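Here are some short exercises to work through with the structure open beside you. Try each task on your own before reading its solution.

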Amino acid sequence: MAILVIAEHDQQSLKAATLHAITAAGKLGGDVHVLVAGHDARGAADAAAKVAGVASVLLAEAPYLAQPTAENMAANALALLPGAYTHVVAAATGYGKNILPRIAARLDVAQISEVIAIDAPDTFVRPIYAGNAFATVQSKDPVKVLTVRTTAFDAAGAGGSAAVTVVPAAPDTGHAKVIAQEIVKSERPELTSARIVISGGRGLGSGENFKMLEALADKLNAAIGASRAAVDAGYVPNDYQVGQTGKIVAPDLYIAIGISGAIQHLAGMKDSKFIVAINKDPDAPIFQVADYGLVGDLFELVPQLTAELG
Amino acid sequence: MKILVPVKRVVDYNVKVRVKPDGSGVDTANVKMSMNPFDEIAIEEAVRLKEKGIATEVVAVSCGLAACQETLRTALALGADRAILVETDVELQPLAVAKLLRAVVGNEAPQLVICGKQAIDDDANQTGQMLAALLDWPQATFASRVEIAGGVATVKREVDGGLETIEMKLPALVTTDLRLNEPRYATLPNIMKAKKKPLDVTSPATLGVDVAPRLATLRVTEPAKRKGGGKVADVKELVAKLRGEAKVIA
Ligand SMILES: Cc1cc2nc3c(=O)[nH]c(=O)nc-3n(C[C@H](O)[C@H](O)[C@H](O)COP(=O)(O)OP(=O)(O)OC[C@H]3O[C@@H](n4cnc5c(N)ncnc54)[C@H](O)[C@@H]3O)c2cc1C
Ligand SMILES: Nc1ncnc2c1ncn2[C@@H]1O[C@H](COP(=O)(O)O)[C@@H](O)[C@H]1O
């Protein structure tokens, strides 16, 4: 029996999130197999084969998998599952969250979402209530389906030499079609894996003012994030949102600028190693989690900080 | 076209929950309960589709304690036409809810189900996807725009790197994200009117669904408290601390 990791990839390479999922899978006791379902995805499969801890890579290719839907990804995983796997694992990204519950439902098993610790192959810790409580849950199901929080497990390193086995792709479910994508390629590090994250909130006042954060991010090679309020106001795109219902980050340094620190925001960043908060309200809740709080007007302080960093 | 909207009664988003000292769960006694915010967005979207003449009826459904009737009355006040309570005292997990909803879909035959993307208590983000899989329906999760025309739903979704647009034939399932719409508030006259709208009560047994939990919660603990509250006087001190003490910048 083995553990199946559903890879997230862009056909040529693996997404960083999958490296964290592979580490989590390695703690479950069993060979780790990685399913790469895609179109012309040999590059991604070869990349998965080189990851430490991977015993086998299964490559399912079909033209319809160029733009994968949850229905088709689930169908390809389900085709491999019967009797062969004890666990199905994916990173708790938007991608993984879209697919895994379909697999669990079809297997008639529970899914355990956003696992942050593995106590035993059937016992997992997961945050509930915006991370204000941790629940330890035990699954009685024959197959455990988990999404894992990438910030809780290190990225697996290089050094693997698994074989890539081609498996037949499941037939196209024909259910849904991806007809457009608006994915902005950024030169900056990715939000969920950056060492430094600078986030702006409603206090920024406009999208134009986020340029100030970009200048600071350039100095620090940082990713840029935002609060829900900043996204709702249209200052920045939706994929910048950090929080309970956005992205979960835990960088070495998180700088929150003009963000009040609502529990929903804290849920996405309070595991950062160091937190800096810049806010003009000394009573803003963000200061309760900040290692270095700076009270004052961000429009003065941010340019000063950028200048000070030379 | 009929739209079914599952709504969950949850601890209000403004409440910071406390873990019970015996580690059995979180304290929900005397805590403000509300409709899950994503489900308010779902109701709003369904009601707007009705107002546009695309939908003919909006049915809200909730699974859980008798107190979920309050949540359903809110849904009715926001514009749902009818409500169904699947009443049970059993702790419901997403798979069980999805099975109950499948049975309700079987009875009601909606063309569209709009769920919230995530309940803010269990933070599971599963039920909609599970329901779609059980029904063998297409899904569009994390929706930020929904258009329905000619039996096809075109949905813009919030994905990890930006946005994606999906086209799917009805019947289909959508889960809402925060940017889909801004829900209205219930007006007093509508709250009064909601009291007279039909609310049917059924049960897992009547629907023929086994809702026994698959996950046993062994314990619930409080996360380690972060030591915050540190302040610096100015930018110079901040940079000195980040370099010397935290060593996170060069
Ligand atoms: C279902 C649900 C899910 C949610 N999910 C998320 C989520 O994932 N992520 C998230 O972030 N939020 C989320 N929220 C929203 C959350 O509750 C807050 O509303 C939001 O985080 C507030 O954003 P903010 O801190 O930018 O804005 P505000 O709370 O308005 O704070 C702005 C801050 O800027 C400061 N400020 C203003 N001007 C200046 C200045 N010139 N200089 C310095 N400081 C200044 C103010 O003092 C204030 O503290 C969610 C809410 C709900 C209901
Ligand atoms: N007990 C319930 N009753 C009705 N709808 C529910 C219930 N639980 C979950 N849902 C629906 O499923 C969505 C996602 O919930 P979850 O999978 O628990 O995060 C919610 O936003 C609701 O639309």
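The exercises below cover two ligand sites and one chain interface, each with a worked solution.

**Before you start.** This is a predicted model, in which local features need pLDDT of at least 70 and side-chain atom pairs count only at pLDDT 80 or more, while totals for chains, interfaces and linings use all residues. Residues are numbered from 1 along each chain as its sequence is written, chains are lettered from A and ligands numbered from 1 in the order in which they are written, and side-chain values use heavy atoms, with hydrogens and water left out.

**Exercise 1.** Describe the surroundings of ligand 2.

*Step 1: find the neighbours.* A residue is near the ligand if one of its heavy atoms lies within 4 Å of it. Ligand 2 has 18 residues around it, and those that come nearest are Asp39(B), Cys63(B), Ala119(B), Asn125(B) and Thr127(B).

*Step 2: look for polar contacts (pairs of N or O atoms within 3.5 Å).* Asp39(B) places a polar side-chain atom 2.5 Å from an oxygen atom of ligand 2. With Thr127(B), a polar side-chain atom is 2.7 Å from a ligand oxygen. Ala119(B) uses a polar backbone atom instead, 2.7 Å from an oxygen atom of the ligand.

*Step 3: check the cover.* On its own, ligand 2 has 480 Å² of accessible area (Shrake-Rupley method, 1.4 Å probe), and the protein covers 98% of the 480 Å².

*Step 4: assign the shell to elements.* Helices (H or I, at least four residues) and strands (E, at least two) are DSSP runs, numbered from the N terminus. In chain B, β4 (57-64) and β6 (112-116) give two or more residues each; the largest share, three residues, is from β4(B).

*Step 5: sort by class.* Ala, Val, Leu, Ile, Met, Phe, Trp, Tyr, Cys and Pro count as nonpolar, Asp, Glu, Lys and Arg as charged, and the others, Gly among them, as polar. The shell of ligand 2 then has eight nonpolar, seven polar and three charged residues.

**Exercise 2.** Why is the site of ligand 1 shared between chains?

*Step 1: see who is there.* The site is shared because residues from chains A and B surround ligand 1. Of the 28 residues around this ligand, Arg202(A), Ser227(A), Gln241(A), Ser260(A) and Asn279(A) come nearest.

*Step 2: list contacts.* Polar side-chain atoms of Arg202(A) and Asn279(A) reach oxygen atoms of ligand 1, at 2.6 Å and 2.7 Å. A polar backbone atom of Leu298(A) is 2.9 Å from a nitrogen atom of the ligand.

*Step 3: check the cover.* Taken alone, ligand 1 exposes 980 Å², and the protein buries 85% of that.

*Step 4: sort by class.* The shell of ligand 1 holds nine nonpolar, 14 polar and five charged residues.

**Exercise 3.** Describe how chain B meets chain A.

*Step 1: count the contacts.* With contact meaning heavy atoms within 4.5 Å, 79 residues of chain B touch 85 residues of chain A.

*Step 2: find the salt bridges (side-chain nitrogen of Lys or Arg within 4 Å of a carboxyl oxygen of Asp or Glu).* The rule finds 10 salt bridges across this interface. Asp291(A) pairs with Arg226(B) in a salt bridge, with the closest N and O atoms 2.8 Å apart.

*Step 3: find the main contributor.* β9(B) gives the most to the side of chain B that touches chain A, with eight residues.

Methods
A polar contact is a pair of N or O atoms within 3.5 Å; within protein, one must be able to donate a hydrogen and the other to accept it, and residues adjacent in sequence count only if both atoms are side-chain atoms.
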